[in-house]
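Please look over the chain shown below before reading on. The report afterwards describes its parts and some of its local details.

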Amino acid sequence: MKTKKIIKGKLLSSISPLEILYLDPGFFVISEDGKIEEISKEMPKGAGQDSQFYDFSGKLICPGFVDIHNHLPQFTLSGLYRGNLLEWLKDIVFPAEELFSSPEVAELFAEKFFHELLRRGTTTTSSYVTSHKDATEIAFQCAERSGIRAFLGNVLMDQKAPEYLIKDTRILLRDSEELIEKWDGYDGGRLHYVLTPRFALTCSFDLLQGIGKIAKKYDVHIQSHLAESKAEIEAVMDMFSGFENYTDIYLKAGLLTEKTIMTHCVYLNNDEIETLKKTGTKISHCPSSNRFLQSGIMPYRKLEKSGIPIGLGTDVGAGYSLSMFSEMREMIESSKTIHFLDPSANYKPITSIEAFYLATLGGAKALSIEDETGSLEKGKSADFSVIDIEQLNVCDEDFYSKPEDLISKLIYGNGENYIEKVFVRGKQVFRK
Ligand SMILES: [Zn+2]
């Protein structure tokens with residue numbers, strides 16, 4: 001019985017935002033329990049009777065993507081435009097989320113959602129479900145079967161949303177505790193529960209504080225939206241008038257922790273940035289969504305300089321694609337726009353290598369799972385994609401020697417279309 005796997009291919013993986021590992025060819029050994037045992041330029045010594053050899057010569061092997069922010073019930077409505085964030089939520093999102101009160105709908109779409117992520121090379125997702133506890137339970141079951149790594153949470157709202165989606169504060173908190181006990185850390189940490197207040201506007205302060213207490217009691221992740229658009233900030237500050245700023249609301253409720261991801265952060269003042277930094281909060285950058293809803297452009301370089309860990313999120317359905325290649329493209333192009341609008345600011349556009357880091361290792365760091373996934377590294381789980389780069393139609397072989405060009409070509413050439421196989425913990429979870 002062959003218990004180990006040996007993989008051969010062109011290995012590409014981030015080391016830091018500026019450094020990349022590229023072995024052509026490279027090899028790695030996957031242990032019986034799905035971990036990378038060693039990586040080398042040569043065929044590993046001792047490879048033999050107990051190993052099965054997978055020859056992906058000529059193909060690119062890169063770590064599975066980590067999409068740290070998206071909405072499961074919204075992937076069918078991506079591309080539907082109705083003006084700004086608050087209008088879009090009211091006219092498009094809330095009615096679509098209500099459909100998840102049906103278990104049949106919840107199962108059908110959750111199955112499809114995880115499949116759509118995996119086939120685009122995303123092996124870890126942090127997703128908002130809906131306010132329905134049953135739909136969230138079903139989403140966990142579907143994620144469990146699909147093989148994906150997932151952080152999932154029922155959306156917590158007790159005000160300022162349609163009656164059919166809001167719930168009593170105590171019921172929401174009870175739902176969360178039950179889901180935590182059942183799913184957080186499931187299957188050796190492949191699945192996690194994440195406390196998911198939609199944003200301050202749809203949550204009473206009692207609810208936010210209750211969430212903070214549960215986060216502390218169980219040491220679980222939190223995800224929410226922060227400072228996405230100007231109209232949203234105005235509405236939030238009208239409602240929470242006694243607070244210094246938007247971030248201060250989450251801080252005082254006990255929601256800013258090392259396991260918290262705040263999404264968007266387009267409009268933060270220096271005090272707010274300092275607060276996020278001090279509390280160890282992470283940021284999810286969602287450039288396509290910010291452009292689609294005309295929210296603004298997150299000042300990436302400023303936030304990066306502060307030292308706050310940042311990952312990338314598709315934010316589907318305001319983001320219009322579950323492809324992390326597409327999101328990387330948006331990230332780079334948005335940064336060029338900042339540069340273009342104010343060349344004197346000396347804003348350095350983001351490179352393909354930086355974008356790739358955010359889509360993989362940066363995302364894993366934002367979720368505090370960098371010891372487990374996010375790069376091809378000894379000791380980590382074997383989560384990776386096999387990409388047929390020959391279909392990129394490149395005439396010059398030299399091109400394959402420059403990883404930055406290879407990544408750029410995939411980013412601008414819809415690289416997700418060339419993904420042939422995807423593995424999580426060394427087990428195949430998608431095949432074309
Ligand atoms: Zn979102």
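The text below goes from the whole chain to its two domains and then to single residues. The model is a predicted one.

**The whole chain**

The chain contains 14 helices and 16 strands. Measuring along the principal axes is a way to describe its extent: the C-alpha atoms fill a box of roughly 65 × 55 × 40 Å. A compact globule of 432 residues would have a radius of gyration near 22 Å, and the chain has 21 Å, so the two values agree. The count of salt bridges comes to 28.

**Two domains and the contact between them**

The domain assignment divides the chain into domain 1, made of residues 4-64 + 375-431, and domain 2, made of residues 65-366. The C-alpha centres of the two domains are 29 Å apart.

How many residues of each domain are in contact with the other domain? Domain 1 contributes 33 residues, and domain 2 contributes 29. The size of an interface is often given as the accessible area lost when the parts come together. Here the area buried between domain 1 and domain 2 is about 2600 Å², and carbon and sulfur atoms give 65% of that area.

Polar links are also present between the domains: eight residue pairs are in polar contact, both residues having pLDDT 80 or more. On the side of domain 1 that touches domain 2, at least two residues each come from strand E1 (4-14), strand E4 (51-63), strand E14 (384-387), helix H14 (403-412), strand E15 (419-424) and strand E16 (427-431). Helix H14 gives the largest share of that side, six residues. Sorted by class, the side has 18 nonpolar, 10 polar and five charged residues.

**Salt bridges**

The count of salt bridges between domain 1 and domain 2 is two. The table gives two salt bridges of the chain with their N to O distances.

| Salt bridge | N to O distance |
|---|---|
| Asp187 and Arg425 | 3.3 Å |
| Lys59 and Glu420 | 2.8 Å |

The salt bridge of Lys59 and Glu420 links distant parts of the chain, with Lys59 in strand E4 and Glu420 in strand E15, 361 residues apart.

**Backbone details**

Most residues other than glycine have a negative phi, and most peptide bonds are trans. Where does this chain have a cis peptide bond? One joins Asp24 and Pro25, with omega about 0 degrees, and Pro25 is found in strand E2 (residues 20-30). Another joins Val316 and Gly317, with omega about 10 degrees. Gly317 lies in the loop between strand E13 (310-312) and helix H12 (324-341).

Ala227 is a residue other than glycine with a positive phi, near 50 degrees. Its place is the loop between strand E10 (221-226) and helix H7 (230-239).

**Ser306 and its surroundings**

Ser306 belongs to helix H11 (residues 300-306). Which residues is Ser306 in contact with, leaving aside its neighbours within four places in sequence? They are Ile273 and Lys277. Between Ser306 and Lys277 there are 7.2 Å in space, C-alpha to C-alpha, and the two are 29 residues apart in sequence. A polar atom of the Ser306 side chain also lies 2.5 Å from the backbone oxygen of Leu303.

Note on methods
Residues numbered from 1 in each chain as written. Predicted model: local features only at pLDDT ≥ 70, side-chain atom pairs only at ≥ 80, totals over all residues. Heavy atoms only, no water. Domains from an automatic or database assignment. Contact = heavy atoms within 4.5 Å. Buried area = accessible area lost by both parts, 1.4 Å probe. Salt bridge = Lys/Arg side-chain N within 4 Å of Asp/Glu carboxyl O. Polar contact = N/O pair within 3.5 Å; in protein donor to acceptor, adjacent residues only side chain to side chain. Helix = DSSP H or I, 4+ residues; strand = E, 2+ residues; numbered from the N terminus. Nonpolar A, V, L, I, M, F, W, Y, C, P; charged D, E, K, R; others polar. Rg over C-alpha atoms; globule rule 2.2 N^0.38 Å.
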